[in-house]
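Please look over the model shown below. The paragraphs after it go through strand pairing, then a sheet and its helix, then cavities.

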Amino acid sequence: MTQPLVTILDDEPEIRRILTDTLEEAGFRTQSFARAREFEASLKRVTPDVCLVDLSLPDTDGLALVHRLALEQGAAVIIISGRAQVQDRVTGLELGADDYITKPFDPAEVVARIRARLRAPRTGVQATDVARFNGWTAQFDRYVLIDAEGVETPFSHAEGEVLRLFLESPKRLISRAQMQEMLGGGAGDSFDRAMDVRISRLRTKLGEDPKNPRLIKTIYGAGYIFLGDVEWRQ
């Protein structure tokens with residue numbers, strides 16, 4: 001089985017060295033880059049399993065890059081940054097990052113977070129499958145929602161994880177604790193805020209009335225239920 005590929009973007013040579021040594025010792029393949037242009041050029045040739053991205057980059061806005069990656073790439077995106085303020089974490093997660101690790105970090109924690117992102121609590125569903133529900137089609141290989149008229153709306157990797165979780169467990173209550181366990185990432189206010197934002201964006205893309213959503217229902221104090229009728233296709 002091919003080892004997962006982790007791509008590292010950080011302009012600090014020592015950080016790249018520590019991450020490369022630690023990840024390769026843990027059984028991952030790695031690529032590392034100091035500049036965003038080199039990093040993005042590599043993505044045209046190969047899609048990594050996980051991207052580690054620093055926000056303070058010399059040649060681009062790190063947050064804008066994270067948002068672009070979340071919309072265009074099939075890889076999980078984990079921010080590694082010296083920005084430790086809660087608002088920075090929330091903003092990164094809102095823009096589509098799957099996780100946020102602050103510097104200085106324990107390399108073992110980075111490995112654990114990556115493994116959490118790669119764990120796939122799936123029920124036999126493959127990443128190339130298509131789900132149909134209530135007039136919508138979700139194509140997870142292309143990260144798009146298609147409505148009954150054929151109009152396509154892209155969704156991010158992070159939004160796709162939440163959507164897949166709902167579609168794999170329709171008409172069942174999913175608690176916040178279950179979401180945190182299955183989707184990984186740190187617990188706490190930043191995770192809750194990120195989930196709120198992702199669910200809100202999914203509702204918007206599905207044309208839901210925010211005051212009376214028909215598909216993704218909030219059960220206050222308990223979690224969420226997806227009420228659609230789901231059919232999976234290869």
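Strands β11 (residues 216-219) and β12 are paired antiparallel through four bridges. Strands here are DSSP runs of E with at least two residues, helices are runs of H or I with at least four residues, and both are numbered from the N terminus; two strands count as paired if DSSP finds at least two bridges between them. The model is a predicted one, in which local features need pLDDT of at least 70 and side-chain atom pairs count only at pLDDT 80 or more, while totals for chains, interfaces and linings use all residues. Residues are numbered from 1 along each chain as its sequence is written, and side-chain values use heavy atoms, with hydrogens and water left out.

In the pairing of β11 with β12, Ile-219 is opposite Gly-223 of β12. The two strands make a hairpin with three residues between them, and Gly-221, in the turn, has a positive phi of about 80 degrees. Strand β12 (residues 223-226) also pairs with β10 (residues 173-174), again antiparallel, over two bridges. There Leu-173 faces Ile-225 of β12.

A separate description applies to the open sheet of five strands, whose order is β9-β8-β7-β6-β13 with antiparallel pairing. Its edges are β9 (152-154) and β13 (230-233), each of which pairs on one side only. On average, neighbouring strands of this sheet are turned by 20 degrees against each other, direction ignored; axes are lines fitted to C-alpha atoms, for helices over the stretch in contact, and angles run from 0 to 180 degrees between N-to-C directions. Within the sheet, β7 (residues 136-139) is joined to the antiparallel β8 (residues 144-146) by three bridges, and Gln-139 has Val-144 of β8 as its bridge partner.

Which helix lies across β6, β7, β8 and β13? Helix α6 (residues 157-168) does, and it runs at about 110 degrees to β13. Contact is taken as heavy atoms within 4.5 Å.

The last topic is cavities. A cavity is a set of points on a 1 Å grid over the protein atoms alone where a 1.4 Å probe fits but cannot get out, and its lining residues have an atom within 4 Å of a point. Grid points are joined across faces, edges and corners, and a volume is the space filled by probe spheres set on the points. Two cavities of 30 Å³ or more are counted, and the second largest has a volume of about 30 Å³. Its lining includes Ile-8, Asp-10, Ile-15, Val-53 and Asp-54. At least two lining residues come from each of β1 (5-9), α1 (13-25) and β3 (50-53).

Note on methods
On a 1 Å grid over the protein atoms alone, a cavity is a set of points where a 1.4 Å probe fits but cannot get out, and a pocket is an open set with protein on both sides within 12 Å along at least five of seven lines; lining residues have an atom within 4 Å of a point.
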